[in-house]
Amino acid sequence: MKVRERACMERRWTWEFDVPRRRLWKYVADTDWVNRHAGLPPIEARYEPLLDGGSRRIARFRRTPFTIEWEERPTVWRVPEFFEIERRYRRGPLARFFARTTLEATQRGTRVTVDVTLEPAMAGVRAFLPLIARRGRRGADRAFRLAAVLAAADVRASGPADTTELGAFARLAEADVRRDVVAALANHVATAEDRELAAMRPYELADRWKLSRRETLRAFLHATRLGLLNLSWNVLCPGCRGATPGFDSLEGLQHGYHCDSCNLPFDPQFDRSVEVTFDARPLGRRAEPELFCIASPQRSDFVHAQAVIPPRGQSRLALDLERGSYQLTAIGAGSAAFVASDEEPALALTAALTLHGMAAGQSIRSGASAIELTSELDREVLVRIEAGRWPDTLATAAQVTALEEFRQLFSSQVLAPGFEMSIQTMAVLFTDLMGSTAIYTRTGDAPAFRIVSDHFEVMREIVSTYEGTIVKTIGDAVMAVFVDPAKCLEAALRFDAAVGRIDAGGEPLRLRAGFHVGPCIAMRANERIDYFGTTINLASRLQALAGGGEVTLARTVAESPAIAARLRSLTTATTLEPLELKGFPQRIDVVRICRQA
């Protein structure tokens, strides 16, 4: 062993860049991007499942005259300070590669230091280590300098400038898509690398461009309808948040997925882990870019720190956390939620891993602090400090299919027959046109049909404006769904006045509405996505309680922060009344927003 240690070669490389550390981190810690621009060959990756959870990551490539294969050890990192990569080779001239990349904040910007250790597989390779190191240094220099240029320009964070050259995307103007959004999308497709176009997330790009999320999603949907982009549905692993291979129709959605990386079975969640992404294959861009690194810290940007605890060992993680909720996760061993708070006096949080799971504290001081971990397990454990909230930058299936525009553009996108998807939270609204029978009697069938149809068009426009969709009409009643309950309320408050402006033969139209918020089931019905469950039944019953011009909702919904704030701002009266609804065992407190003036 001592002979092999003496045979190792160590090098230290240092760069100085005039860019802030956090901005540079998102490039340098994206090791797939770094390896690509360093000139390294693409790799093949596979996973070998471990009995205790997780997987062993194996990568390989061929570089004449060698086939290089290695086990990629779990990457250790702390954002935005450092990351460590270790490879233990199975085939090739090296036995081990280790690199620690440190980003140190300086007065001018950032100092990047890379400490490299190369261990040869046999004595005869020792003479070639300086050559391997020099090639590695040149590649790292090329990639890091490009990263500094991009970070300094903040290319990915700034919206592309408007331009008169929109190319094929100019056709989006016919769909009434905002020009600044079209320009941003056209510029992105023209200038981004293929890997950035392989699974585009509209909300992420909208935030980067500082544009409306909804308008950006509209641009992607219409571009797909025009044949400029492709749409895919992906299911995300709840552990690593990596995506399964995408499918182009919701009919491809199923139960029983498995993440090879985490060695974890899971089911999809319609409003959480099923998302829509887009690629530029119709424009000749590669949809499945080559892989250059199997373990990139930036690919897991929701992980603030990652470390390995040895068998029956201890570890101390120094942290610098902002206020908020977090998750301490030991892969295959347990997890615990905790909060970082300015008011919490404790500067350290203790956690213990046992055969029965994890026991940990619940709070820690925000800012400079630490987590002290001990393990009673006979195996090493990978531990992560993760963001406690699921990202809101995913355009989920529940959100997208609840948009009126999506249903119009992609009416064939439905779930497989008999396939049910649970949704944790959805706002479901019912409306009813008052006195429709009298309208037919007063005006005749043809004029009355026109009046009811005009009322549907007004309803559809309002529902679409507030990012909902009309699921179905039943006679002169409407069922609509919204992802955002506050927007559902806003739409409901505008219905009565809007339909009241329709010419109804001398008598003003009146509308009543009721909605509820809660879990439901999405499934295919009449070749459309429909919704079922207690939430839908209660919303229907609430609507039946309303009078003309009134909106009804349950007290539990009315007391949610966003709804309560809006109700306090209303000038119209609201009343609270306990009612017993048929089919519901418990009495329900109903809030009635009285008829608008």
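**Exercise 1. Which residues is L283 in contact with, leaving aside its neighbours within four places in sequence?**

Let's work this one through on the predicted model.

- Step 1: Skip anything within four places of L283 in the chain, and you are left with contacts to F169, V189 and L228.
- Step 2: Now find where L283 sits. Its place is the loop between β12 and β13 (303-309).
- Step 3: Check the exposure. L283 has a relative accessible area of 34%, and the partly exposed range runs between 20% and 50%, so L283 counts as partly exposed.
- Step 4: For a sense of distance, try D454. This residue is 171 places from L283 along the chain, and the two C-alpha atoms are separated by 40 Å.

**Exercise 2. Describe the whole protein in a few numbers.**

- Step 1: Count the secondary structure: the protein has 15 helices and 29 strands.
- Step 2: Look at its extent. The C-alpha trace spans about 100 × 55 × 50 Å along the principal axes.
- Step 3: Turn to burial. The protein has 597 residues, and 51% of them count as buried.
- Step 4: See how far apart in sequence the contacts reach. Take contacts between residues at least 6 apart: 67% of these join residues at least 24 apart.

**Exercise 3. What span should helix α7 (residues 213-225) have, and what is the distance between its end C-alpha atoms?**

- Step 1: There are 13 residues in α7, and at 1.5 Å a residue they should span 18 Å. The trick is that you multiply by one less than the number of residues.
- Step 2: Compare with the model. The end C-alpha atoms of α7 are 18 Å apart, so the two values agree.
- Step 3: Look at what comes before and after. At the N-terminal end, S212 acts as a cap, with a side-chain oxygen 3.3 Å from the backbone nitrogen of R214. After α7 comes G227, with a positive phi near 85°.

**Exercise 4. Which residues of α7 are buried, and what covers them?**

- Step 1: List the buried residues: E215, T216, L217, R218, A219, F220, L221, H222, A223 and T224.
- Step 2: Draw the conclusion. Since ten of the 13 residues are buried, α7 is largely enclosed by the rest of the structure.
- Step 3: Name the cover. It includes the helices α5 (179-191), α6 (202-209), α8 (397-401) and α9 (404-409), along with the strands β9 (230-235) and β12 (274-279).
- Step 4: Pick a residue from one of those covering helices. H188 lies in α5. It has a relative accessible area of 7%, so H188 is buried.
- Step 5: Finish with the surroundings of H188. Not counting residues up to four places away in sequence, H188 touches E196, L197, M200, L205, R208 and W209.

**Exercise 5. Which residues lie nearest the centre of the second largest pocket, and what kinds of residue line it?**

- Step 1: Start with the volume of this pocket, about 1,200 Å³.
- Step 2: The lining has 43 residues, and those nearest the centre are L40, R63, F97, I132 and G136.
- Step 3: Sort the lining by type: 30 nonpolar, seven polar and six charged residues.
- Step 4: Ask who supplies them. Elements giving at least two residues each include β1 (9-17), α3 (31-37), β3 (55-63) and α4 (129-153). The most comes from α4, with ten residues.

**Exercise 6. Hunt for unusual backbone angles.**

- Step 1: Recall the background: most residues other than glycine have a negative phi, and most peptide bonds are trans.
- Step 2: Find a cis bond. The one from V79 to P80 is cis, with omega near -5°. P80 is in the loop between β5 (76-78) and β6.
- Step 3: Find a positive phi outside glycine. E467 has one near 60°, in the loop between α11 (445-465) and β23 (468-474). At 27% relative accessibility, E467 is partly exposed.
- Step 4: Find another. E527 also has a positive phi of about 60° without being a glycine, and its loop runs between β25 (511-525) and β26 (528-532).

**Exercise 7. What span should α11 have, and which of its residues are buried?**

- Step 1: With 21 residues at 1.5 Å each, α11 should span 30 Å, and its end C-alpha atoms are indeed 30 Å apart.
- Step 2: The buried residues of α11 are A448, I451, V452, H455, F456, V458, M459, I462, V463 and S464.
- Step 3: Use the helix rule to read that list. An α-helix has 3.6 residues a turn, so residues three or four places apart point the same way.

Note on methods: Residues are numbered from 1 along each chain as its sequence is written. This is a predicted model: local features need pLDDT of at least 70, side-chain atom pairs count only at pLDDT 80 or more; totals for chains, interfaces and linings use all residues. Side-chain values use heavy atoms; hydrogens and water are left out. Helices (H or I, at least four residues) and strands (E, at least two) are DSSP runs, numbered from the N terminus. Buried means under 20% relative accessible area, exposed over 50%, partly exposed in between (1.4 Å probe, protein chains only). Contact means heavy atoms within 4.5 Å. A polar contact is a pair of N or O atoms within 3.5 Å; within protein, one must be able to donate a hydrogen and the other to accept it, and residues adjacent in sequence count only if both atoms are side-chain atoms. On a 1 Å grid over the protein atoms alone, a cavity is a set of points where a 1.4 Å probe fits but cannot get out, and a pocket is an open set with protein on both sides within 12 Å along at least five of seven lines; lining residues have an atom within 4 Å of a point. Grid points are joined across faces, edges and corners, and a volume is the space filled by probe spheres set on the points. Ala, Val, Leu, Ile, Met, Phe, Trp, Tyr, Cys and Pro count as nonpolar, Asp, Glu, Lys and Arg as charged, and the others, Gly among them, as polar.
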